[in-house]
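Dear colleague,

I am passing on the structure below, with the sequence alongside, and would be glad if you could look it over. My notes on what I found follow it.

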Amino acid sequence: MHPLTQNLPPFTRREMLTRSGMGMGMLALAGLTAKENAQAAGSSTPITRHHPAQAKQVVHLFMNGGPSHVDTFDPKPLLKKFHGKPLPNPNLPTERKTAGALGSPFQFHKYGESGIEVSELFQKTAAHIDDMCIIRSMHSDIPNHEPSLLLMNCGDNALPRPSFGSWVNYGLGTLNENLPGFVVLCPNGFPVVGPKNWRSAFLPGSFQGTHLDTKETDVSRLIENINNPQSPERQRRQLDLLQKINQRHLAQRGHDSLLEARIQSFELAYRMQFEASNVLDLSKEPKHIHEMYGDGLQGRQLLMTRRLLEQGVRFIQVWHSGGQEWDHHSGIEKNLRRLCGQWDQPIAAFLTDLKQRGMLDSTLTLWGGEFGRTPVAELPAMNGRDHNHYGFSMWMAGGGVKGGYVHGATDETGFAASENKVHVHDLHATMLHLLGIDHERLTYRYAGRDFRLTDVHGHVVKEILA
């Protein structure tokens with residue numbers, strides 16, 4: 001903090017913002033205008049893509065904890081044959097002690113014209129299988145939540161790196177100057193490693209994700225200070241005073257493009273109080289839309305997601321909740337039925353809604369967790385699965401992916417990716433490609449070197465492109 005001159009009030013700019021009732025200024029740092037973002041970052045003009053784009057927005061449905069692929073999107077009938085017995089091929093090393101095969105308690109059925117097999121747990125979602133690309137050959141590096149979450153979200157499992165959403169907004173800018181470009185919906189606290197999952201790291205702070213705790217249904221509680229008791233005219237006068245103070249502070253420091261951008265963020269906070277309260281008010285939706293999504297938490301999150309997309313939010317990440325609810329070391333049958341039951345109808349409704357509004361083709365939706373689960377049972381309960389980074393499934397829909405298509409495969413037991421392997425770096429490179437970005441050219445110079453989301457790895461999986 002820098003002291004103000006004796007002619008100005010004796011508190012900092014941050015305190016001035018808070019005392020003037022503009023607490024949303026902190027939230028607004030995550031959503032500067034595209035032009036200001038690019039200038040602050042020293043990047044080229046945003047919206048200049050490297051090649052024609054299929055997608056312009058991204059939705060990441062994050063099942064934190066690691067959903068079991070062999071119980072959802074990767075059927076392995078051999079597991080039932082060897083249930084309770086050693087697998088025909090040697091077990092790979094696991095994080096915890098495991099025993100024999102654990103056959104899936106769920107039935108798989110073929111859906112759509114493509115005839116792709118999906119678990120009964122996602123039968124409503126599977127009605128959209130011809131618009132979905134199932135990647136059954138995902139793999140990552142480490143079977144632990146913390147590094148795997150960081151790899152999936154930030155492209156590195158250890159070092160502080162900007163998140164995927166931050167990179168996308170850095171490269172493309174925002175579509176709405178009155179809302180953040182990167183919004184994170186996560187109810188009931190934070191997942192493992194918390195805000196590091198949506199940080200901007202060495203990118204300017206304006207690209208960091210804006211977190212909303214969606215357990216709240218009242219807009220005034222969802223975003224603090226969204227409703228200011230003062231009149232817009234009085235707020236305008238307060239903001240004008242604040243800007244004068246900031247401009248004097250800027251003059252003392254000399255030219256500083258980052259500071260200039262942050263000064264402008266307070267203007268955005270002022271505008272957000274009018275637009276954000278409208279877009280987050282789900283009561284404006286008709287009854288049949290509420291019934292389509294359902295009245296549960298995940299339905300509410302996805303309905304909010306659709307409304308944010310309509311208003312131009314570039315990147316939206318939707319977490320299941322704080323904690324790791326998909327981490328099923330025991331009781332997997334009961335827990336999977338419960339969690340998939342919370343998501344199946346909302347996901348189907350979301351994809352239906354996007355399609356009927358003409359938004360599916362331009363919205364890239366990704367579903368998955370940080371890794372999968374083992375095909376063998378974990379001791380001592382023998383009714384759950386351990387972490388498995390060797391092979392797991394994720395799916396994408398819309399945004400230029402090939403629908404009704406399965407890419408890659410795990411081995412006959414589902415333990416490890418064996419055909420057309422897709423690393424997390426490859427996934428990121430492919431998603432950036434769909435957004436019109438060459439992952440090798442989206443760079444940011446920091447500490448003497450050019451960084452990128454995929455570091456020195458990754459290739460575009462061309463087979464999944466429509």
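**Overall picture**

The accessible surface of the protein chain comes to about 18,500 Å², and 49% of that surface belongs to carbon and sulfur atoms. Please bear in mind throughout that this is a predicted model. The chain is made up of 466 residues, of which 58% count as buried, and its secondary structure consists of 13 helices and 18 strands. If one takes the contacts between residues at least 6 apart in sequence, 78% of them join residues at least 24 apart.

**Helices α11 and α12**

I then looked at how α11, which covers residues 297-310, packs against α12, the helix that runs over residues 332-356. The two axes lie 8 Å apart and make an angle of about 20°; because angles under 35 degrees count as roughly parallel, α11 is described as roughly parallel to α12. The crossing in which α11 passes α12 is right-handed. On the α11 side, the residues that take part in the meeting are Q298, G299, Q301, L302, T305, R306 and L309, while α12 contributes Q342, W343, P346, I347, F350, D353 and L354.

**D353**

One of the α12 residues in that meeting, D353, seemed worth following further. Its relative accessible area is 0%, so D353 is classed as buried, the limit for that class being under 20%. The side chains of D353 and R306 are joined by a polar contact of 2.9 Å, and R306 is itself among the α11 residues that meet α12. Leaving aside residues up to four places away in sequence, D353 touches I289, M292 and Y293 as well as R306.

**G400**

The other position I examined is G400, which sits in the loop between β12 (392-397) and β13 (405-407). With a relative accessible area of 13%, G400 also falls under the 20% limit and is therefore buried. Which residues does G400 touch, not counting those up to four places away in sequence? They are Q54, D361, L434, I464, L465 and A466. For A466 there is a distance as well: G400 and A466 are separated by 66 residues in sequence, yet their C-alpha atoms are 5.4 Å apart in space.

With best wishes

Conventions. Residues are numbered from 1 along each chain as its sequence is written. This is a predicted model: local features need pLDDT of at least 70, side-chain atom pairs count only at pLDDT 80 or more; totals for chains, interfaces and linings use all residues. Side-chain values use heavy atoms; hydrogens and water are left out. Helices (H or I, at least four residues) and strands (E, at least two) are DSSP runs, numbered from the N terminus. Buried means under 20% relative accessible area, exposed over 50%, partly exposed in between (1.4 Å probe, protein chains only). A polar contact is a pair of N or O atoms within 3.5 Å; within protein, one must be able to donate a hydrogen and the other to accept it, and residues adjacent in sequence count only if both atoms are side-chain atoms. Contact means heavy atoms within 4.5 Å. Accessible areas come from the Shrake-Rupley method with a 1.4 Å probe; for residues, only the protein chains shown count as cover. Axes are lines fitted to C-alpha atoms, for helices over the stretch in contact, and angles run from 0 to 180 degrees between N-to-C directions. Angles under 35 degrees count as roughly parallel, over 145 as roughly antiparallel, 65 to 115 as roughly perpendicular and the rest as oblique. A crossing is left-handed if the near helix is turned anticlockwise from the far one by less than a right angle, and right-handed if clockwise.
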